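I opened my notebook to go through this model one piece at a time. Here is what I looked up, in the order I looked.

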Amino acid sequence: MEATSSELSAPESGLKSKIGRLFSRVPIIGWLFGALVAVILEQIVGMPLALALGLPKIPVLFGFVTVLKKPMLVPSTMLFVLLIYFLPIVIIARLSLEPANRLAEKLINFSMEGSVLIHLVLLYAILHIWAEVSDYRLLILKFTLIAIMVTVSLNVINGYMGEFSCSHPGFMALGAYTASVFTVSLFVNDSLFGQALLPSFLGPFLFPLGLILGGCVASLGALLVAIPSFKTRGDYLAIISLAFLFIVKSLIENLEFVGGPRGLSSQPDWANLPIVFAWTVACIWIINNFVRSTLGKALNAVRDEETAANAMTVNTRRTKMVAFMFAAFWAGVAGGLFAHVLRYVNPTTFGIQKLAEVLAMVYFGGLNSVYGSIVGAVSLSILGEALRPLELFKWIVIPLLLILVMIFRPTGLIAFKEFNVKKLIRPKQSPGKEV
Amino acid sequence: MAFFLQNLVNALQWGSFYALIALGYSMVYSILMLFNFAHGDIFMVGAYIGFGVATGLMVLASLWAFTLPGWLILVLTILLSMFLTSFLGMFVERVGYRPLREAPRASAAITGLMIGIILEILILWGMGTQRVSFPSLIDTVTYNIGGVFITNKKIMIVAISLSFMLALHLFIKKTRWGMAMRAMAFDYVVVPLMGVSINHIARMTFAIGSALAAVAGILFGVAYPVLDPYMGIIFGWKAFVAAILGGRGSIMGATLAGFLLGFIEIFVAMIFPSTLRDLIAYSIVLLILVFRPYGFFGEPYSAKLRL
Amino acid sequence: MSLLQVEKMTHYFGGLRAVHNYDIHIEPGQIRGLIGPNGAGKTTIFNLITGIHQPTEGVVSLEGKNLVGLQPYQIASAGLGRTFQNLLLWRHMSVLDHVIMAQYSRMTYGLVGAFFGTAKRKRQETEAEEKAYRLLELVGISGLANQNVLNLPYGDQRRVEMARALAMEPKILFLDEPTAGMNPEELLQMMEIIRQVHKEFGLAILLIEHRLKLVMELCEEIQTLVFGEVIAEGTPEEIQNNPKVIDAYLGKEAID
């Protein structure tokens, strides 16, 4: 169970296993150091290096976009990525192996929570510095984090509980509109809601309240799907959830006081990177806590054999209700953040297209797996941006990729894998002691 | 009264599109126990194929300098497009569904969705973002019957739809192949043991469903002469709802529910502002499913997404 | 007052009468048997008492507490554990998780604990895990705790079901053909487990079995069910010698 892929391949001979052996003992914190050095390096020498290599500017997304746009620049882009990202990360990670392992061990012995916190601070620092290079990167990063929240929460219903729910964009819409109405009516002078009611310095402090409110409204909306789920499962529930999505969308289109089909704009700019990051971490942490508890595993029991779950003291109705409302809450929060990152929402944003997108992320990443959902959301978000130069054909490449994944790994890339933070951040040195 | 009857006629026409598409969903469901989410886009591609065939026939006719009557072009278009679109259906089955027959049903649903997106993009790429208008093959004649205006096209559309539904019904009830399909719907596991190839039946089901979708596409083109690549999404999802409403896998149910959805939509738009159409229509659908959780003709058995 | 009281329980499936005027009184610590040909309604009786189906008529009570109309999980929490004839296991869960899951009703940490991982949750989850290991030890599969249930051979899957039912800390245990599909060796082991469970927890047990050897050896009293009605009731000897039973049931099958 402890054996990771690199450990498994260790006995094989050859170059691959050699490299694997070199790096399998690098703890996460070592990689984080490497990445930190890389992004700082990019900050300092990125621009001159890019110009020296004949690139117009620092490649925004590891050179994917440039490569597709201007094939002539492929060698220099690759060199840039090699010099700025690959080599520093690999070298630092390898060189810091001993101290990093010692540090990881010390941290974990000192306090589990503290260790997690330090890892998160490091991760945030890396993302922050990376995003400072351009506004585009910042935007992609925020949307990716929000996509993680949506995907992980949808996995609670579609993966952990095994219902094919189509209502997630609807929950997002409820959250987005509630949070927007909250902030715009209270803190912004605008044409729809008139004068601001509260001084704007209070805003950033009350913003989380708005998001939570959005989450709660989404949760209440989820009752409309959760209650039929007591009696109905499978296809019919899928349709009920789909009908819910259409109803929410159509309802918002008909509500003139939130702008109807024209949408709602002028949300204040409070969804900055630390806020989005913090909410994403909270979302992953709480959802991961939940699905690893017996209350959360009851979702699996209901999915796999409801009759048995009921006969083994599991309150199936409560379980279903909690699953729907809980997942909807996070979708609502994510929707609220989405509205404040984009600073504009309209009902069309939350339609079938969005549904296809989030479903794709969940099923690509892997069912019943927080880990998989993070991977799915990040890889499809980045891929979506990286393939942008392909324009229309992006929407052929991504679906084809997904079809291939479905054919060869029907439950997604990393399905049914527990996301164990403790295992993730522990030191990987001293194999005699650990393994 | 005349107003009501007028809407009734419109609803009949509107419902026939839904019913024809819903049949495709239902047939595939009854055989393979899964929904072909690419079906809406097959309908869309069918409409475009119809457009291509009709235009091609007209060009050919003018090249060789003889006139084909409009109705003949229409009949040829329908037949040829059915033939061509059925290949698309078989292709989708082979590529997207056969490899996933043992996989969780949700995975097959995702594959279907993705094939749908690919079809849309291909059409968008081939035809451009501009909508195309379907050639007007027959002249519109309007009859005024006691204040109710009925066009010859509406009569034709409803008549053609109904006759295809009847033909399907007879095919399933009377022919050997239909019998095999029913047997397959009855028992997925045993039938292959009896010497009927499941691949063969699945292929045939997709072919027939797609051919019917092509008919719906062409009739849609005749009635509302603009086609766009996203019409499959709009119609497909609604027809899918109709298929479920009718009762999973029930041919009869899908037909009736298709017409019912047409009626709901037309009459909601008649009474309320048209922006409320989706809101009310889907609320009704939701209510129906809450009180009849298995649709009109569905079997109440615990349907689980096999994970 | 008996532990479990069932009086005049009747059930119709549509127009078909599946169970008619069924009575049973089980005292604490008794092992009772229920035999009968296929389709006699034995499993239906289990499903009626455990709340999966609602009896059309009749009284069911556990320690004087009425059970009719309660949800299955409420009945289970009240102290009525069961196994299933056709092995209803959770296909994606480990053996250990099965046994922990059956302690669901004793997890009182609530959603706050589930979301934020409170100390109370840690304590209760650890206790549940320890208990699960003890029970797996008891049924002899503690070495398989982290396996997925589907990887287990059939006999071991039956043991998982047994451990799972015991984890609910039932006052009375319903075993629906616990040895179906087992080979003679596994059968003996299962009999030993049932005896041990009975001794250790002082459980009352109601057993449905096809293998008469098991029923005759384990049960104090046996009911014979034919077409939803009890045609004979008594000690193993009485049942074995009852002409009605021999006619309806035993006459067709050799006693092994």
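These are my entries, chain by chain and contact by contact.

**Entry 1: what kind of model**

I am working from a predicted model. I keep that in mind for everything below.

**Entry 2: chain A as a whole**

I started with the secondary structure of chain A and found 20 helices and 2 strands. Next I asked how the radius of gyration of chain A compares with the globule rule. The radius is 23 Å and the rule gives 22 Å for 435 residues, values that are close, so chain A is as compact as a globular protein of that length. Along the principal axes, the C-alpha atoms of chain A fill a box of roughly 60 × 55 × 45 Å.

I then looked at burial, and 50% of the 435 residues of chain A count as buried. I also checked the contacts in chain A with a separation of 6 or more: 78% of them are between residues 24 or more positions apart.

**Entry 3: the two domains of chain A**

How is chain A divided? I noted domain 1 at 15–131 and domain 2 at 135–421. Their C-alpha centres lie 30 Å apart.

I followed the contact between them, where 13 residues of domain 1 of chain A meet 14 residues of domain 2 of chain A. On the domain 1 side, the elements giving two or more residues are helix H4 (64–69) and helix H7 (112–131) of chain A. The largest share on that side, 7 residues, comes from H7(A). I sorted the residues of the domain 1 side by type and wrote down 11 nonpolar, 1 polar and 1 charged.

**Entry 4: chain A against chain B**

I moved on to the contact between chains A and B, with 39 residues of chain A and 39 residues of chain B. Which helices of chain A each supply at least two residues to its side? I listed helix H11 (235–254), helix H16 (352–365) and helix H18 (394–408) of chain A. H11(A) provides the largest share of the chain A side, 12 residues. By type, the chain A side divides into 26 nonpolar, 7 polar and 6 charged residues.

**Entry 5: chain C against chain A**

Here I found 33 residues from chain C and 26 residues from chain A in the contact. On the chain C side, at least two residues each come from helix H2 (72–77), helix H3 (95–101), helix H4 (110–116) and helix H5 (119–139) of chain C. That side of chain C is made up of 20 nonpolar, 7 polar and 6 charged residues.

**Entry 6: a hairpin in chain B**

I looked at strand E2 (residues 142–145) and strand E3 (residues 148–151) of chain B, which run antiparallel and are joined by 4 bridges. B:Tyr143 stands opposite B:Ile150 in E3(B). The hairpin has 2 residues between its strands, and B:Gly146 in the turn has a positive phi of about 55°.

**Entry 7: the four-stranded sheet of chain C**

This open sheet has the order E2-E1-E4-E5 (chain C), with antiparallel pairing. Why is one side of E2 and of strand E5 (65–66) of chain C without a neighbour in the sheet? Both stand at the edges, each with a single partner strand, so one side of each is left free of a neighbour there.

Helix H1 (residues 42–49) of chain C packs on this sheet and touches E1, E2 and E4 of chain C. The direction of H1 makes about 70° with that of E2(C).

I then went through the strand pairs. Strand E1 (residues 4–13) and strand E2 (residues 16–26) of chain C pair over 7 bridges in the antiparallel sense, and C:Gln5 stands opposite C:His25 in E2(C). Their hairpin has 2 residues between the strands, and C:Gly14 takes a positive phi near 60°. E1(C) is also joined by 5 bridges to strand E4 (residues 57–62) of chain C, again antiparallel. In E4(C), C:Leu62 is the bridge partner of C:Leu4.

**Entry 8: the six-stranded sheet of chain C**

I finished with an open sheet of 6 strands in the order E6-E7-E8-E3-E9-E10 (chain C), where the pairing is mixed. Strand E6 (80–82) and strand E10 (229–234) of chain C are at the edges with a single partner strand each, so one side of each has no neighbour in the sheet. Neighbouring strands of this sheet are turned by 20° against each other on average, direction ignored.

At the E6 edge, E6(C) pairs with strand E7 (residues 172–176) of chain C in the parallel sense over 3 bridges. C:Gly81 stands opposite C:Leu173 in E7(C).

How values were computed:
Residues are numbered from 1 along each chain as its sequence is written. Chains are lettered from A and ligands numbered from 1 in the order in which they are written. This is a predicted model: local features need pLDDT of at least 70, side-chain atom pairs count only at pLDDT 80 or more; totals for chains, interfaces and linings use all residues. Two strands pair if DSSP finds at least two bridges between them. Axes are lines fitted to C-alpha atoms, for helices over the stretch in contact, and angles run from 0 to 180 degrees between N-to-C directions. Two residues are in contact if their C-beta atoms, placed from the backbone, lie within 7 Å. Ala, Val, Leu, Ile, Met, Phe, Trp, Tyr, Cys and Pro count as nonpolar, Asp, Glu, Lys and Arg as charged, and the others, Gly among them, as polar. The radius of gyration is taken over C-alpha atoms; the globule rule is 2.2 Å times the number of residues to the power 0.38. A residue is buried if 20 or more other C-beta atoms lie within 10 Å of its own, exposed if 12 or fewer, and partly exposed in between; C-beta atoms are placed from the backbone. Domain bounds come from an automatic or database domain assignment.
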